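Here's a quick tour of two topics: a run of paired strands, and a handful of salt bridges. Have a look at the model first, then read on.

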Amino acid sequence: MDEQRETLQRIVSTLANKNDEIHNFIDMLNHTIKNVQVNSSNVISELDEEFDGLYSILDEMKGCMTNTIQQEEARKIQALQDQLSQCSNALESSEELLELAAQSLDIKDPVEFLKAARQIKDRVTMASAFRISLKPKVSDSMTHLMVDFTLERRMLQAVKFLPVPKAPEIDLAACLVADNCVTVSWRMPEEDSRIDHFILEYRKTNFDGLPRVKDEQRWELIDYIKATEYTLSGLKFDTKFMNLRVQACNKAVAGEYSDPVTLETKAFVFSLDSTSSHLNLKVEDNYVEWDPTGGKGQEKIKGKENKSRSGAPSPKRTSVGTRSPARSSRDHFTGESYTVLGDTAVESGQHYWEVRAQKDCKSYSVGVTYRNLGKFDQLGKTNSSWCIHVNNWLQTTFSAKHNNKAKTLDIPVPDRIGVYCDFDGGQLTFYNANSKELLHTFRTKFTQPLLPGFMIWCGGLTVSTGLQVPSAVKTLQKSQNGLSASTSSLNNIA
């Protein structure tokens with residue numbers, strides 16, 4: 001019966017996951033259909049603009065060339081009309097002279113005849129009819145202004161859509177996620193010398209598999225990548241996965257996106273839990289600051305809360321994080337336990353986070369604890385908490401603490417402390433976060449979930465989460481685990 005129930009539960013889980021995948025795929029198809037419609041409309045609009053621009057140029061050229069023909073026509077007509085006017089005047093003068101000559105032939109008096117003949121001869125010699133050209137100054141041909149658009153017509157007929165680069169192919173085996181960096185590598189399906197650059201897009205997600213359409217962050221874009229590999233660095237891994245895609249671009253247009261890939265970016269993420277922090281601590285997400293006046297105003301509010309038994313937290317001390325599974329209902333730390341805990345527990349695996357203290361910080365502790373740390377207890381002074389402690393009051397002391405016993409650390413205090421917790425391996429190690437120099441290691445068997453713990457007096461601490469275990473720390477851990485168990489720096493504080 002139990003076996004069949006377990007089998008049925010697995011089937012239900014498998015069907016639920018498959019239904020979720022199908023729903024996501026349907027959303028993607030609908031989104032793609034909308035994009036096709038929008039993109040088609042945009043392309044048609046751009047096509048209209050290009051052709052309208054071409055028509056405009058042709059109309060302008062036609063008007064300019066028509067104007068040139070009309071100017072040539074007017075020039076020739078004017079020249080011919082001038083010549084026609086000259087010829088008409090010459091003809092009129094010649095006809096008058098001809099009539100006069102005919103009349104002179106009828107003169108009987110020899111003296112008068114000779115006188116008329118000399119006058120006619122002189123006028124003929126000076127007549128314009130004998131000095132004008134009887135050849136047109138311009139021809140009637142307009143062939144020098146004709147055009148032949150055969151070549152241009154062929155060019156227009158050869159116009160096609162722009163050559164679009166093919167989609168790149170992301171080489172999943174060559175992609176690397178390490179040290180809060182993501183290296184993406186890709187290649188073109190075939191050689192394309194016209195590729196000018198690539199565009200890489202990425203977004204964080206908590207869903208494995210194909211990228212989702214709904215309830216996702218927007219794509220972040222890296223443009224003008226010349227190589228076929230790119231490294232995203234300085235990332236905070238506050239989601240489980242990251243979607244990535246690439247597109248190739250030539251000088252004119254961008255091609256299709258590559259098939260997206262999903263890379264795991266798992267890291268330990270937590271915030272500081274203000275619901276249980278000491279009232280003299282001001283907590284904001286991943287920053288905690290000593291506030292000597294914080295307790296006075298809060299004690300009055302807390303008193304009212306206790307009288308009303310409402311159990312509601314103070315309006316000024318509301319929770320910042322949302323990770324309720326790691327929290328338990330507990331009182332605020334009080335007395336000299338100026339403590340705040342993380343809101344997410346470590347229950348397995350290897351995790352890493354870093355802490356930076358303000359330069360004027362007088363005293364602070366960084367470590368882990370079981371949930372049973374009492375409200376008056378201080379980190380390192382119980383058998384269920386481990387920490388390193390820095391005291392800058394009068395003189396600087398640096399020590400590792402557990403079960404109310406301390407071991408002095410004869411090394412400089414770094415400005416950033418890295419905390420490495422290997423729950424399954426029973427190891428808590430502190431590093432100089434800058435140089436990755438080993439500060440101290442606790443070795444034990446953890447029997448309960450661990451909460452990050454911080455204690456501070458005068459000053460402030462900034463906690464950095466969403467960090468992967470650095471490669472340098474992994475290397476040091478391998479080397480450290482290979483050392484003899486008798487090495488003093490790795491021993492527990494007895």
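Is Glu220 buried, partly exposed or exposed? In this predicted model, Glu220 has a relative accessible area of 31%, so it counts as partly exposed. Its side chain meets that of Arg218 in a salt bridge, at 3.6 Å from N to O. Arg218 has 60% relative accessibility, so Arg218 falls in the exposed class, which starts over 50%.

**Salt bridges**

The structure holds 17 salt bridges. Three of them are set out here, with the N to O distance for each pair.

| Pair | N to O distance | Accessibility of the Arg | Accessibility of the Glu |
|---|---|---|---|
| Arg10 and Glu6 | 3.3 Å | Arg10, 47% | Glu6, 46% |
| Arg75 and Glu72 | 2.9 Å | Arg75, 45% | Glu72, 16% |
| Arg218 and Glu220 | 3.6 Å | Arg218, 60% | Glu220, 31% |

Take Arg10 and Glu6. They sit four residues apart in helix α1 (residues 2-104), so about one helical turn separates them. Arg10 is partly exposed, and Glu6 is partly exposed too.

Arg75 and Glu72 also belong to helix α1, three residues apart, which is again about one turn. Here Arg75 is partly exposed, whereas Glu72 is buried, because its relative accessible area of 16% is under the 20% cut-off.

Elsewhere, salt bridges link Glu169, Asp171 and Arg187 into a network.

**The strands from β14 to β17**

Now for the strands. β15 (residues 385-391) is a good place to start: six of its seven residues are buried, leaving the strand mostly covered. β15 pairs with β14 (residues 363-369) in the antiparallel sense through seven bridges, and with β16 (residues 397-402), also antiparallel, through six.

His389 lets you follow the pairing across β15. This residue is the bridge partner of Ser365, and His389 also stands opposite Ser399 in β16.

Getting from β15 to β16 takes a hairpin with five residues between the strands, and Leu394 in that turn has a positive phi of about 65°. β16 then pairs with β17 (residues 405-408), antiparallel once more, over four bridges. One of the partner pairs there is His402 with Lys405 of β17. The hairpin of β16 and β17 has two residues between its strands, and Asn403 takes a positive phi near 55°.

Definitions and conventions
Residues numbered from 1 in each chain as written. Predicted model: local features only at pLDDT ≥ 70, side-chain atom pairs only at ≥ 80, totals over all residues. Heavy atoms only, no water. Buried < 20%, exposed > 50% of the residue type's maximum accessible area, 1.4 Å probe, protein only. Pairing = 2+ DSSP bridges. Salt bridge = Lys/Arg side-chain N within 4 Å of Asp/Glu carboxyl O.
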